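Got the model open? Let's go through it one question at a time.

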Amino acid sequence: MLPQYERLVDGATSDTGPGGYAAGGGGGGVGSLRRSKFRVRFGRLAVATVMLPVAGFLFCVIWSLLYNFEQANATHCLVYNFLPSLSAAIGNYQPQRFVWQFSVLFHAPFRYAIAFLYKNHHLTLLSRKHRKEWAYLACILNIVELSSLVGLSLWTSSNNYEIHKICFSAFVICSIIYMYLVVLINRLTRTEELLTLAERKSLRYKRRLLLVNVASIMFAVYFFVRHNNHCEPGIYSLFALSEYVFVYSNIGFHMTAYWDFINAHVYFHWRTGIHFSAV
């Protein structure tokens, strides 16, 4: 059943929260949501969703080091390395490939739903700036980023290198642009003194994680080129470590949704689908 994002209460008696989801009202609106089959705090669901790729990736790296060390660390240079690259860890061997694909595919539907939730949130922030197209652009970038992650997970470097390369490039480019655009939207539309403690914490972590993310991909490019040109021992592992930092800083950036929607709840109903509410 597809998620529903429309307002769930009558316009004359309702209020909406910061993300454009139902935030109050009477009659058959939020009251009926509270009688839904399941009601989960958004923060708990967000943490559970994020932990899937976090734990899945960690498992892939550790398992590769324990059981596929020589193969996972081998490169054309034939020099010693101690960490496998991202592509080698998640896609070249079993059970790592299955675990990573499961974690990505299982968490993807909720991530898609959050992308549209953020679209409404950013539309609300940008309503007075007459730059609503930024909200749509951010949503598109978020969706392309997630779709690229799904693509590079399904088409691994070992079974279809060209598709994997395209998906990985799209993931890197779209994620960095999206993160920068989100920070820019918040900078243009929000005043630090008027933010709640949770909103202030979210924005602070967004800025820091954006810097870490950009720095890590620059280090990754540097170590990759240096490895290919000089074939020094351990340099490819530093490239791999930079990839790890890039992945986890990306996950951390998306995890800031916990503070952006700290009071929100997710409602599941077998007849009406999935709904978000600020109460």
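Q: Which residue is the bridge partner of valine 266 in β3?
A: This is a predicted model, where local features need pLDDT of at least 70, side-chain atom pairs count only at pLDDT 80 or more, and totals for chains, interfaces and linings use all residues. Residues are numbered from 1 along each chain as its sequence is written, and side-chain values use heavy atoms, with hydrogens and water left out. Strand β2 (residues 265–269) pairs with β3 in the antiparallel sense over five bridges; two strands count as paired if DSSP finds at least two bridges between them. Over in β3, valine 266 is matched with phenylalanine 276.

Q: And what is the bridge partner of phenylalanine 268 in β3?
A: β2 and β3 make a hairpin, with three residues between them. Strands here are DSSP runs of E, at least two residues, while helices are runs of H or I, at least four residues, both numbered from the N terminus. For phenylalanine 268, the partner in β3 is isoleucine 274.

Q: Why is β3 largely enclosed by the rest of the structure?
A: Look at burial, meaning under 20% relative accessible area with a 1.4 Å probe, protein chains only (over 50% is exposed, in between is partly exposed). Strand β3 covers residues 273–277, and it is largely enclosed because the number of its five residues that are buried is four.

Q: Which strands stand at the edges of the sheet?
A: The open sheet has three strands in the order β1-β2-β3, with antiparallel pairing. An edge strand has a single partner, so one side of it is left without a neighbour in the sheet; that goes for β1 (38–41) and β3.

Q: At about what angle do α5 and α7 pack?
A: Axes are lines fitted to C-alpha atoms, for helices over the stretch in contact, and angles run from 0 to 180 degrees between N-to-C directions. Contact itself means heavy atoms within 4.5 Å, and here Tyr118 and His122 are among the α5 residues that meet α7 residues including Tyr178 and Val182. The axes of α5 (residues 96–126) and α7 (residues 161–189) are 9 Å apart, and the angle is about 35°.

Q: How far does α8 reach from its first C-alpha to its last?
A: The expected span of a helix is 1.5 Å times one less than its number of residues. Helix α8 (residues 197–230) has 34 residues, for which 50 Å is expected, and its reach is close to that, at 49 Å.

Q: Which residue follows α8?
A: Its phi is positive, near 55°, and the residue is cysteine 231. Back inside α8, the buried residues include Leu209 and Phe223, but the one that follows the helix is cysteine 231.
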